[in-house]
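Q: I have a protein model open in front of me and I would like to learn how to read it. Could you walk me through it, one feature at a time?

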Amino acid sequence: MEQPETVGELELSVGYVLKQVHAALRTAMDEALRPLDLTVPQYACLELLGRDPGLSNSELARRAFVTRQSMNLVLRRLQERGLLTRPDHATHGRALLAELTPAGQTALHQASVAVRAVEKQLFSPLSQERQRRVREDLAACLAPPGTD
């Protein structure tokens, strides 16, 4: 009977190297956003609202890969800083739809510039073509089976 395959050497595991890159990216983003008094989840929220105004807490949480409870705290802190607005009462169902203020748009621009610089630095060993291939290959891993 054949033995099931194990992960083997971690350095040869795609998942392990992917997690290392993720950790390096997250650490560098934290450092770049700190002078702007933003966290990575706060930046993600601003970026998502900048691209798609009016998202609900639940949708923002899903897209930013955090819990609804965590996103509620993120939204509250950003609202306290005047970077976004939410109505006092829901107009549709229970969702309080958020939108960036002009100050939020400014913060988003500054944060986006900082994060892009981090990405450029981290991925600088790869040519533009290799970066495109990596992005496409990783995206293919997310596609449902049989959708080639």
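A: Happy to! Let us begin with the order of the elements: read along the sequence, this protein runs α-α-α-α-β-β-α-α. Keep in mind that the model is predicted.

Q: How many helices and how many strands does that make?

A: The secondary structure comes to six helices and two strands.

Q: How do I judge whether the protein is spread out or compact?

A: The general idea is to set the radius of gyration beside the value from the globule rule. Here the radius of gyration is 19 Å, well over the 15 Å that the rule gives for 148 residues, so the protein is more spread out than a compact globule. You can also look at the C-alpha trace, which spans about 65 × 35 × 25 Å along its principal axes.

Q: What share of the residues is buried?

A: A residue is called buried when its relative accessible area is under 20%. In this protein, buried residues make up 26% of the 148 residues. As for the surface, the accessible area comes to about 10,700 Å², and 55% of that belongs to carbon and sulfur atoms.

Q: What can contacts tell me about positions far apart in the sequence?

A: Take the contacts with a separation of 6 or more: residues 24 or more positions apart account for 48% of them.

Q: Now the charges, please. Where do the positive and negative ones lie on average?

A: The protein has 18 positive and 18 negative charges, and their mean positions are 6 Å apart.

Q: How many salt bridges are there?

A: For a salt bridge, look for a side-chain nitrogen of Lys or Arg within 4 Å of a carboxyl oxygen of Asp or Glu. A search of the whole structure finds eight salt bridges. One of them joins Glu47 and Arg51, with the closest N and O atoms 3.0 Å apart.

Q: Why are Glu47 and Arg51 about one helical turn apart?

A: Because they are four residues apart in helix 2, which covers residues 40-51.

Q: Is each of these two partners buried or exposed?

A: Glu47 is buried, since its relative accessible area is 13%. Arg51 is exposed, at 65% relative accessibility.

Q: What does the pair Glu59 and Arg62 look like?

A: Their side chains meet in a salt bridge, at 2.9 Å from N to O. The two sit three residues apart in helix 3 (residues 57-64), so about one helical turn separates them. Glu59 is partly exposed at 22%, while Arg62 is exposed at 54%.

Q: Which salt bridge could I look at in helix 6?

A: Try Arg132 and Glu136, whose side chains meet at 2.5 Å, N to O. They are four residues apart in helix 6 (residues 128-142), and therefore about one helical turn from each other. Arg132 is partly exposed with 28% relative accessibility, and Glu136 is partly exposed with 43%.

Q: Which residues are joined into one network?

A: When salt bridges share partners, they can be read together. Here such bridges join Asp52, Glu59, Arg62 and Arg63 into one network.

Q: Can we finish with a residue that has no charge label? What does Gln131 touch?

A: Gln131 is found in helix 6. With a relative accessibility of 16%, Gln131 counts as buried. Leaving aside residues up to four places away in sequence, Gln131 touches Phe123 and Leu126.

Methods. Residues numbered from 1 in each chain as written. Predicted model: local features only at pLDDT ≥ 70, side-chain atom pairs only at ≥ 80, totals over all residues. Heavy atoms only, no water. Buried < 20%, exposed > 50% of the residue type's maximum accessible area, 1.4 Å probe, protein only. Contact = heavy atoms within 4.5 Å. Rg over C-alpha atoms; globule rule 2.2 N^0.38 Å. Areas by Shrake-Rupley, 256 points an atom, 1.4 Å probe, with all protein chains shown as cover. Lys, Arg positive; Asp, Glu negative; His and termini not counted. Charge placed at Lys NZ, Arg CZ, Asp CG, Glu CD.
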